[in-house]
Every structure is written in structure tokens, then in C-alpha cells.
Amino acid sequence: MFTPIFFIQTMKSILIKDTTISERIDIVRSSLDFGDGECEGIDMEDMYDDYIYGRKELTEINMAFSRENAGCITAGELRETGKCGR
């Protein structure tokens, strides 16, 4: 009888306390895969500078962005896909 073996990959923490600046730069670039670093007029690298340099966690930045931009775009306005909506 065949018994399947499952491998559980442990994800490394992305918290500021657990990463270096270099790792945080790689996390931002690889996670977002935003190509030229611009998304609908927002410079994504600048947006995440506070995380990269250890001032704010990713969750704080993303929550602030969501609060500031909530309701700015409605489904009817999404006729053309920008750089972010691959």
C-alpha cells in the first residue's frame, strides 16, 4: 500500500525584526512583481520604503493604502487594465 508523503514548507517570517534591509528589498520586488515599479501612477518602491528601512510593517502600509484608496475605483471604471491589473 502506498502512503503519500507530504512536505510542509515553512515560510520565513517577513517581519522587520526577522529580516535585513536586503531581504526586505527582495521581498517587495519579488512579491509584487511590478516590473518597472509603477502602478497607475504610484511608485511602488517608494510606497514600501517604510517597510524596507524598518519603519512600518507591510500590514500597516497596506492597510493605510486601502483606507486612503477605498472606493476610488468602481467596477464600471475597470474597462482597461493598467500595469497593475495583469
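A nonpolar core is a set of buried Ala, Val, Leu, Ile, Met, Phe, Trp, Tyr and Cys residues joined through side-chain atoms within 4.5 Å. Buried means under 20% relative accessible area, exposed means over 50%, and partly exposed lies in between, with a 1.4 Å probe and protein chains only. Keep both in mind for this tour.

**Before you select anything**

You are looking at a predicted model, in which local features need pLDDT of at least 70 and side-chain atom pairs count only at pLDDT 80 or more, while totals for chains, interfaces and linings use all residues. Residues are numbered from 1 along each chain as its sequence is written, and side-chain values use heavy atoms, with hydrogens and water left out.

**Stop 1: the whole chain**

Colour the chain by pLDDT, the predictor's confidence in each residue, from 0 to 100. The mean is 75, and 56% of the residues reach 70 or more. Where is confidence lowest, and where is it highest? The low end is strand β1 (residues 38-39), at a mean of 56, and the high end is α3, at 94.

Now switch to a cartoon view. Helices (H or I, at least four residues) and strands (E, at least two) are DSSP runs, numbered from the N terminus. The chain has 4 helices and 2 strands, in the order α-β-β-α-α-α from the N terminus on. Of the 86 residues, 19% are buried. Contact here means heavy atoms within 4.5 Å; among contacts between residues at least 6 apart in sequence, 48% join residues at least 24 apart.

**Stop 2: the nonpolar core**

Select I16, I27, V28, M47, Y48, Y51, I52, L58 and I61 and show them as sticks: these 9 residues form the largest nonpolar core. Three helices, α1 (21-32), α3 (49-52) and α4 (58-69), each supply at least two of its residues. In soluble globular proteins, nonpolar side chains tend to be buried together.

**Stop 3: helix α1**

Select α1 next. Its 12 residues reach 17 Å from first C-alpha to last, close to the 16 Å expected at 1.5 Å a residue; the expected span is 1.5 Å times one less than the number of residues. Which residues of α1 are buried? They are R24, I27 and V28. Look down the helix axis: these buried residues fall within an arc of 95°, so they line one face of α1. The arc is that of the directions from the helix axis to the C-beta atoms. An α-helix has 3.6 residues a turn, so residues three or four places apart point the same way. Among what covers the buried residues of α1 are α3 and α4.

While you are on α1, click R29, which sits in this helix. R29 is partly exposed, at 49% relative accessibility. A distance label from its C-alpha to that of Y48 should read 9.9 Å, for two residues 19 apart in sequence.

**Stop 4: I52 in helix α3**

Move to I52, found in helix α3. I52 is buried, with a relative accessible area of 8%. Leaving out residues up to four places away in sequence, I52 touches I21, R24, I25 and V28. Its C-alpha is 8.1 Å from that of S22, although the two are 30 residues apart along the chain.

**Stop 5: helix α4**

Select α4. Its 12 residues should span 16 Å at 1.5 Å a residue, and its end C-alpha atoms are indeed 16 Å apart. L58, I61 and A64 are the buried residues of α4. They cover an arc of only 135° around the axis, which puts them on the same side of the helix. Rotate to the other side of α4 and you will find T59 and R67 exposed.

**Stop 6: the segment before α1**

Finish with T19, which lies in the segment before α1. Is T19 buried or exposed? T19 is buried, with a relative accessible area of 10%. Its side chain reaches the backbone oxygen of L15 at 3.0 Å. Beyond its neighbours within four places in sequence, T19 is in contact with K12, S13, I14, R24, I27 and Y51.

From that list, click K12, also in the segment before α1. K12 counts as partly exposed, at 48% relative accessibility. Not counting residues up to four places away in sequence, K12 touches D18, T19 and E23, and its side chain reaches the backbone oxygen of D18 at 2.7 Å.

Definitions and conventions:
A polar contact is a pair of N or O atoms within 3.5 Å; within protein, one must be able to donate a hydrogen and the other to accept it, and residues adjacent in sequence count only if both atoms are side-chain atoms.
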